[in-house]
Amino acid sequence: MGSFGNLILNENMKIFRRPRTWIMLSILALISLLMPVLLREGMGSAGVPFWEAAVTTVQIVFFLNTIFCVVIAAEAVAGEFTWGTIKLLLIRPWSRSKILASKYLTVIIFSILSTLVVIVMATGMSYLLFSHDGPSGSGNALTLWGYLYVDLFITLAIAFMVSSVFRSGALAIGLSLFIMFSQSIFSLIFNPVRYEWAKYVLFNNMDLSKYMTSGADFALMGGPSAGMTLGFSIAVLAVYYVIFMVISWVVFSKRDVAG
């Protein structure tokens, strides 16, 4: 466990020693602070609950958060091949599985950190600028943010898999962003209402906010289709996630890096 902990520490040092990482986190923090200010200028503060402003801010900034996290995930493995450091890493007394696991856990750690930065900054500034009257919407807000992170979690799994299989950070970033921005389009084309089998399509299960009681207010792609429940979508996402991880581990473990 100690050696694995050192691996994770080493991977975190690779990420957080780069100025780019701190620039990305600073951008997320700055936008999360400025967005409530812009919302107040546009809507005013009277009668607007701070949770509503915080939810709106997080939803907007989360797109940028996803992009930054995808960049980190895409370069986790592909970057080692691009920079030619993969051979130096593999000659160490660690198994390939441990090396890949440490990289993946580091990506997840960064995604949790960046998400917390967005949520804390957005909520803190909204609390200062907007009303505290009325019923608390903290329950809905926390649920929505959890669903947003699940979407991010699956997107990162895709980016990490492509990075491991194709050794291309650009391809991993491009494909992940394509999936992120085209979810709604594919959900319209492969509508479960029209095609029964479409409810098993990844895109139709990534937006879990449609299962919220106030889904009409929060969901990105409309309400759930017949035969689809929260448990069903989580199960479908879990199957896809296992597939992505298995592909990543199998390809990375068997890949010849001598050339």
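**Exercise 1. A salt bridge between two helices**

Task: Find which side chain E75 meets in a salt bridge, and work out which parts of the chain the pair links.

Solution, step by step. This is a predicted model, so every value here is computed from it.

- Start with the side chains: E75 and R20 meet in a salt bridge, with 2.8 Å from N to O.
- Next, place the partners. E75 belongs to helix α3 (residues 50–83) and R20 to helix α2, so the pair links distant parts of the chain, 55 residues apart.
- Then check the cover. E75 has 22% relative accessibility and counts as partly exposed. R20 is partly exposed too, with a relative accessible area of 31%.

**Exercise 2. The other salt bridges**

Task: Say how many salt bridges the model holds, and describe the pair K103 and E11 as well as the pair E196 and K199.

Solution, step by step.

- The rule is a side-chain nitrogen of Lys or Arg within 4 Å of a carboxyl oxygen of Asp or Glu. By this rule there are four salt bridges.
- K103 and E11 form one of them, at 3.1 Å from N to O. Since K103 lies in helix α5 (residues 96–129) and E11 in helix α1 (residues 2–16), the pair ties together parts that are 92 residues apart in sequence. Both residues are buried.
- E196 and K199 form another, at 2.9 Å from N to O. Here the cover of the partners is worth a look: E196 is exposed at 53% relative accessibility, whereas K199 is buried at 12%.
- Finally, look for shared partners. Salt bridges of this kind join E11, K14 and K103 into one network.

**Exercise 3. Does the helix length add up?**

Task: For helix α2 (residues 19–43), work out what span to expect at 1.5 Å a residue and how far apart the end C-alpha atoms are. Then turn to helix α6 (residues 138–166).

Solution, step by step.

- Helix α2 has 25 residues, and at 1.5 Å a residue it should span 36 Å. The expected span uses one less than the number of residues.
- Now compare with the model: the end C-alpha atoms of α2 are 36 Å apart, which agrees.
- Helix α6 has 29 residues and reaches 42 Å from its first C-alpha to its last, close to the 42 Å expected.
- Look just past the end of α6, and you will find R167 with a positive phi of about 55°.
- To finish with α2, list its buried residues: T21, M24, L25, L28, A29, S32, M35, P36 and L39.

**Exercise 4. Classifying a ring pair**

Task: Decide whether the rings of F186 and F203 are stacked or edge-to-face.

Solution, step by step.

- A pair of aromatic rings is described by the distance of the centres and the angle of the planes.
- The model holds 19 aromatic pairs. For F186 and F203, the centres are 4.8 Å apart and the planes stand at 15°, so the pair is stacked. The cut-off needed here is that planes under 30 degrees apart count as stacked.
- Now locate the rings: F186 is in helix α7 (residues 169–189) and F203 in the loop between α7 and α8 (215–218), 17 residues apart.
- As for cover, F186 is partly exposed at 22%, while F203 counts as buried at 15% relative accessibility.

**Exercise 5. The surroundings of Y241**

Task: Starting from Y241 in helix α9 (residues 230–254), find what Y241 is in contact with, leaving aside neighbours within four places in sequence.

Solution, step by step.

- The contacts are Y104, F153, I154 and A157.
- Take I154: Y241 and I154 are 87 residues apart in sequence, yet their C-alpha atoms are 6.7 Å apart in space.
- Take Y104: the side chains of Y241 and Y104 make a polar contact at 2.9 Å.
- Widen the view to the rings, where ring pairs link Y104, Y149, F153, F160, Y241 and W249 into a cluster.
- Y241 itself counts as partly exposed, at 22% relative accessibility.

**Exercise 6. The whole chain**

Task: Sum up the chain by its helices and strands, its buried share and its contacts.

Solution, step by step.

- Count the elements: nine helices and zero strands, in the order α-α-α-α-α-α-α-α-α along the sequence.
- Of the 259 residues, 49% count as buried.
- The chain exposes about 12400 Å², and carbon and sulfur atoms supply 70% of it.
- Among contacts between residues at least 6 apart in sequence, 81% join residues at least 24 apart.

Methods:
Residues numbered from 1 in each chain as written. Predicted model: local features only at pLDDT ≥ 70, side-chain atom pairs only at ≥ 80, totals over all residues. Heavy atoms only, no water. Helix = DSSP H or I, 4+ residues; strand = E, 2+ residues; numbered from the N terminus. Buried < 20%, exposed > 50% of the residue type's maximum accessible area, 1.4 Å probe, protein only. Contact = heavy atoms within 4.5 Å. Areas by Shrake-Rupley, 256 points an atom, 1.4 Å probe, with all protein chains shown as cover. Phe/Tyr/Trp six-rings, centres within 6.5 Å; stacked < 30°, edge-to-face > 60°. Polar contact = N/O pair within 3.5 Å; in protein donor to acceptor, adjacent residues only side chain to side chain.
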